[in-house]
Amino acid sequence: MKYHSAFDIIGPIMVGPSSSHTAGAVRIGNIARQVLGEEPVHVTFHLMGSFAETYRGHGTDLALLAGVLGLTTESEQVPDADRIAAASGLTYGFSQANLGWFHPNTVEVLLKSKQHSIQLIASSLGGGKVEVQELDGLPVKFSGEKPTLILYHIDQRGFISMISRLLDANGYNIARLALERSRRKGAAITVCEVDEELTDDLIASLATTIPMLKTIRVVKTF
Amino acid sequence: MSFQYLHELIALAESRKVSIAQVMLAVEEEQTGRTSEQILQQMEKQFTVMEASARKGVEQPIRSRSGLTGGDAYLVKEYIEKGDTFVAPSTLRAMSYALSVSEVNAGMGCIVATPTAGAAGILPGVLISILDSGKYRREAIVMSMLTAAAVGLVIANSASISGAAGGCQAEVGSATAMAAAALVEIGKGTPQQVGHAVGLALKNSLGLVCDPVGGLVEIPCIIRNGLHAITALAAADMALAGVKSVIPPDEVIQVMQAIGQEMPLSLRETGIGGLASTPTGKRLRESVFGKSD
């Protein structure tokens with residue numbers, strides 16, 4: 001089941017005009033920013049399906065930009081995202097693309113900071129609900145509805161056991177856990193959703209305790 | 001405790017001798033670890049946003065961001081005040097509130113997606129109109145939003161609430177069914193009657209295509225919200241009268257999904273087919289975006 005909460009249906013409180021094309025798009029942009037974890041300087045959006053056909057009418061372009069700028073679905077500033085982007089030095093581009101077999105409302109986000117860049121494909125499923133389909137070329141799935149750890153690491157025996165022991169010792173319940181790797185002993189991404197709010201202390205102890213961890217990001221949508 | 005289908009939701013309510021809203025509240029508590037007070041407080045906050053968006057366009061005409069639509073909620077309100085209407089004024093008021101929410105939405109104003117922004121007028125439309133009637137307490141109305149949520153969850157999980165995936169029937173149809181369900185529970189109907197209201201309302205929306213002019217959530221979305229608010233009231237009355245949905249509501253939901261999958265892409269929120277493809281639809285698109293690229 002994709003929808004779990006009464007507030008998936010009654011809500012979100014949002015700036016119009018479309019829950020899938022505006023609110024969902026803000027959330028996708030916002031997730032991309034959180035995964036980048038740094039001030040973005042350039043972003044490219046590749047839109048497919050209904051997103052590509054109707055993005056201007058729904059303000060999908062402004063909504064995606066607003067999310068990348070760190071705004072949320074409720075923010076009255078969503079319609080001004082282009083002006084805020086110009087003022088903050090964020091450059092951007094939109095184009096159409098066939099991304100493959102995804103939900104009709106799907107977008108690829110290529111987001112860059114001064115040092116790093118990420119690639120993310122996400123779908124807006126309806127009612128403002130979103131799901132990431134791919135991150136940096138790996139087929140990882142998450143929604144950001146629960147506090148979510150995005151762990152960039154090297155594939156190595158014992159990694160999952162270390163993560164789960166550390167989370168358990170700190171009182172966390174794992175709601176969902178998935179590891180995707182490019183190849184054996186290669187670059188890997190583990191996505192871990194937990195039921196409890198993630199604290200800075202936990203992030204610090206993950207970083208110091210687990211040697212094969214390269215980067216930790218925390219994602220939570222609003 | 002959980003439910004995937006309407007018959008499971010109804011059975012849970014019947015076996016525990018509680019309302020559908022109370023089942024939803026218990027499931028929400030269990031799933032999120034939040035207390036019922038916290039959940040109801042958040043619902044109340046959403047109701048406040050709903051009320052503001054429902055009254056805004058009735059108090060003064062609102063234009064959409066594109067300039068194509070607006071002012072209809074205000075027109076209907078003025079017409080009601082003249083006092084000579086076919087439909088009862090209290091019912092027409094639900095229509096004007098629903099129109100108002102959809103107009104606020106088209107103006108990139110703040111609304112609550114119920115279940116989506118495109119169909120956000122219907123539930124507030126009927127709920128604010130019955131709040132105005134003075135017959136129901138605000139708390140009871142907020143509680144009934146959980147009934148609507150439970151029905152919406154069933155539809156979203158076994159069919160769809162996305163116009164791009166299932167057409168307008170998945171958005172306006174779902175919202176109409178949710179609103180009818182909420183009304184039946186406020187009207188002291190049984191869980192079975194809530195189910196029948198869902199079946200009746202949804203059957204009347206089957207096949208509705210998503211064909212917005214220029215891809216904008218305006219034409220025909222806004223008037224559909226207005227008219228379907230009245231359909232929701234009528235479906236609730238039908239169910240409370242004892243009319244049953246001969247095709248079980250769960251089967252109606254299943255077939256809505258099947259119909260959605262058979263709809264061509266041009267009629268699923270692409271702004272290509274249907275009303276969007278009419279000469280006037282195309283002309284309006286060009287007036288907003290210029291010649292198509």
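Two strands count as paired if DSSP finds at least two bridges between them. Helices and strands are themselves DSSP runs, helices being H or I over at least four residues and strands E over at least two, numbered from the N terminus. By these terms, chain A holds an open sheet of four strands in the order β8-β9-β7-β10, with antiparallel pairing. Strands β8 (174–181) and β10 (213–219) of chain A stand at the edges with a single partner strand each, so one side of each has no neighbour in the sheet. On average, neighbouring strands of this sheet are turned by 15 degrees against each other, direction ignored.

The structure is a predicted model, in which local features need pLDDT of at least 70, side-chain atom pairs count only at pLDDT 80 or more, and totals for chains, interfaces and linings use all residues. Residues are numbered from 1 along each chain as its sequence is written, chains are lettered from A and ligands numbered from 1 in the order in which they are written, and side-chain values use heavy atoms, with hydrogens and water left out.

Within the sheet, strand β7 (residues 148–154) of chain A pairs with β10(A) in the antiparallel sense over six bridges. A:Y152 stands opposite A:T215 in β10(A). Two helices are also placed against these strands. Helix α6 (residues 159–169) of chain A lies across β7, β8, β9 (187–194) and β10 of chain A, and runs at about 155 degrees to β8(A). Helix α7 (residues 200–209) of chain A packs on the sheet, where it touches β7 and β10 of chain A, and its direction makes about 165 degrees with that of β10(A). Here contact means heavy atoms within 4.5 Å; axes are lines fitted to C-alpha atoms, for helices over the stretch in contact, and angles run from 0 to 180 degrees between N-to-C directions.

Charged side chains come next. A salt bridge is a side-chain nitrogen of Lys or Arg within 4 Å of a carboxyl oxygen of Asp or Glu, and by this rule there are 15 over all chains. In one of them, A:R181 meets A:D155 at 2.7 Å, N to O. A:R181 lies in strand β8 of chain A and A:D155 in the loop between β7 and α6 of chain A, so the pair ties together parts that are 26 residues apart in sequence. Relative accessible area (1.4 Å probe, protein chains only) sorts residues into buried, under 20%, exposed, over 50%, and partly exposed in between. A:D155 is buried at 11%, and A:R181 is partly exposed at 40%. Another salt bridge joins A:R33 and A:E39 at 3.2 Å, N to O; A:E39 is exposed at 52%.

Strand β6 (residues 129–135) of chain A contains A:K129, which is buried at 7% relative accessibility. Leaving out residues up to four places away in sequence, A:K129 touches several residues, among them A:D8, A:R27 and A:E145.

In chain B, the UniProt record, an unreviewed entry, lists residues 16–276 for "domain: Serine dehydratase-like alpha subunit". UniProt positions are given in the numbering used here, feature names are shortened, and annotations may be inferred rather than shown by experiment. Over residues 16–276 the chain is 65% helix and 1% strand, with the end C-alpha atoms 48 Å apart. The side chains of B:R138 and B:E44 form a salt bridge (3.4 Å, N to O). B:R138 lies in helix α7 (residues 138–158) of chain B and B:E44 in helix α3 (residues 36–59) of chain B, so the pair ties together parts that are 94 residues apart in sequence. B:E44, B:E51, B:R55, B:D132 and B:R138 are linked in a network of salt bridges.
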